[in-house]
Amino acid sequence: MPSESSGVSMKRREFVGVLVVAAAAWPFAVRAQAKRVAKIAALLGIVESDPETRPRVEAFLTKLREIGWTQGRDYNLDVRFGGSDASLMSAQAKELVGSKPDVILSQSNLALASLLKETRDIPIVATVIGDPVGSGFIKSLSRPGGNATGFTSFEPPLAQKWVQSLKEIAPGTKRAGVILHPETQANVNFLRAVEAASASLGMTTNAIGVHNATEIEHSVNEFARQPDGGLVVLPNPTTNEQRELIVALAARHRVPAVYPFRYFAAIGGLMSYGIDVIDLYKRAAVYVDRILMGAKPGDLPVEQPNKFELVVNLKTAKTLGLTVPAALLIAANETIE
């Protein structure tokens, strides 16, 4: 027969177990019993019809659900799209800020810049942003200050990887044509990094500043008139929206090219090396949760990406008459045939 002391011990263990379970469930209970439904807004530097839009938004919503937020019960979400249209982005930012959300998710430098013109009070979690310090968005990565924090996309040192990969897969490349948005400071920084990396490999650099499809077509056509050229496509909403045109032009002129996102390679681009965008949207959901639970954006460090993917399109390489080096095949996260 168990002693009285053992019975007391058992009750204590049961009580402690209840406390542990209750403590683990506490954040979920807080969200479920909130006095009001939180208002989350989003301003994205992508068009609504882009095939990449849905998986990104779904990744954000799924992560929120995993954390304990139920849409409609704990929060409502208002998503707007601005793409590369500065005027539209500005108008959308004004409307969203006017609706007084509790926190705003933004994606792209243009989206963040537009929002910061409208508010320095509403918390903003920015994702897929380039050079946030140099662009004047935050004070530092570790202590951003102000009302914005989030996740960077690419840093200039990555440019060396792009140039080296281009030279590796197409050794005859002597000229690097860099397609960029010249008013985006992060792209300008990348251009400087590409110039340095190209020079170290005995290559020259041609800056191809573009704003629309017409400029892209004209500039690439002109660049392709001279031999031994390769393209380095920098990440920004303009090149993202015009990716089918850029990939088609590279194929038409038989110009090797390296791109910043997997979806370029998926539609026929030779090779891509860049971040896992879906992962950044998931991480952004964690920051949104922390802010809604009381954290200040200025105290949350801006984090850098930690997942990168190299994708090689073997079919395109074959069409261009290129032999993919074994080292690239081994390093590739994915090959497309």
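The turns below go through the sheet of a predicted model and the terms used for it.

Author: Residues are numbered from 1 along each chain as its sequence is written, and side-chain values use heavy atoms, with hydrogens and water left out. As this is a predicted model, local features need pLDDT of at least 70 and side-chain atom pairs count only at pLDDT 80 or more, while totals for chains, interfaces and linings use all residues.

Reader: What is the average pLDDT of the protein chain?
Author: The average is 90, and 90% of the residues score at least 70; pLDDT is the predictor's confidence in each residue, from 0 to 100. Over residues 1-26 the pLDDT is below 50, and this stretch has 0 contacts beyond near neighbours in sequence (contact means heavy atoms within 4.5 Å). Where pLDDT is low, the predicted coordinates should not be read in detail.

Reader: What makes the strands one open sheet, and in which order do they stand?
Author: Strands are DSSP runs of E with at least two residues, helices are runs of H or I with at least four, and both are numbered from the N terminus. Two strands pair if DSSP finds at least two bridges between them. Between β1 (residues 38-44) and β2 there are 7 bridges, between β1 and β3 there are 5, between β3 (residues 103-107) and β4 there are 4, and between β4 and β5 (residues 148-152) there are 5. Each count meets the cut-off of at least two, so these strands count as paired. The order is β2-β1-β3-β4-β5, with parallel pairing.

Reader: Why are β2 and β5 called edge strands?
Author: Strands β2 (75-81) and β5 each pair on one side only.

Reader: Which residues stand opposite alanine 42?
Author: Alanine 42 faces valine 79 in β2 and leucine 105 in β3. Lysine 39 has asparagine 76 of β2 opposite.

Reader: What makes the crossover from β1 to β2 right-handed?
Author: The term applies if, with the strands pointing away from the viewer, the path from the first strand over the helix to the second runs clockwise. From β1 the chain goes through α2 to β2, and this β-α-β crossover is right-handed.

Reader: How is α2 placed on the sheet?
Author: Helix α2 (residues 53-67) packs on the sheet and touches β1, β2 and β3, and its direction makes about 160° with that of β2. Axes are lines fitted to C-alpha atoms, for helices over the stretch in contact, and angles run from 0 to 180 degrees between N-to-C directions. Helix α4 lies across β1, β3, β4 and β5, at about 155° to β4.

Reader: Why is aspartate 74 called buried?
Author: Buried means under 20% relative accessible area, exposed over 50%, and partly exposed in between (1.4 Å probe, protein chains only). Aspartate 74 has 1% relative accessibility, so the residue counts as buried. Aspartate 74 is in the loop between α2 and β2. In strand β4 (residues 124-129), 6 of 6 residues are buried.

Reader: What makes the link between aspartate 74 and arginine 73 a polar contact?
Author: The term needs a pair of N or O atoms within 3.5 Å; within protein, one must be able to donate a hydrogen and the other to accept it, and residues adjacent in sequence count only if both atoms are side-chain atoms. The side chains of aspartate 74 and arginine 73 are joined at 2.9 Å, so the pair qualifies.
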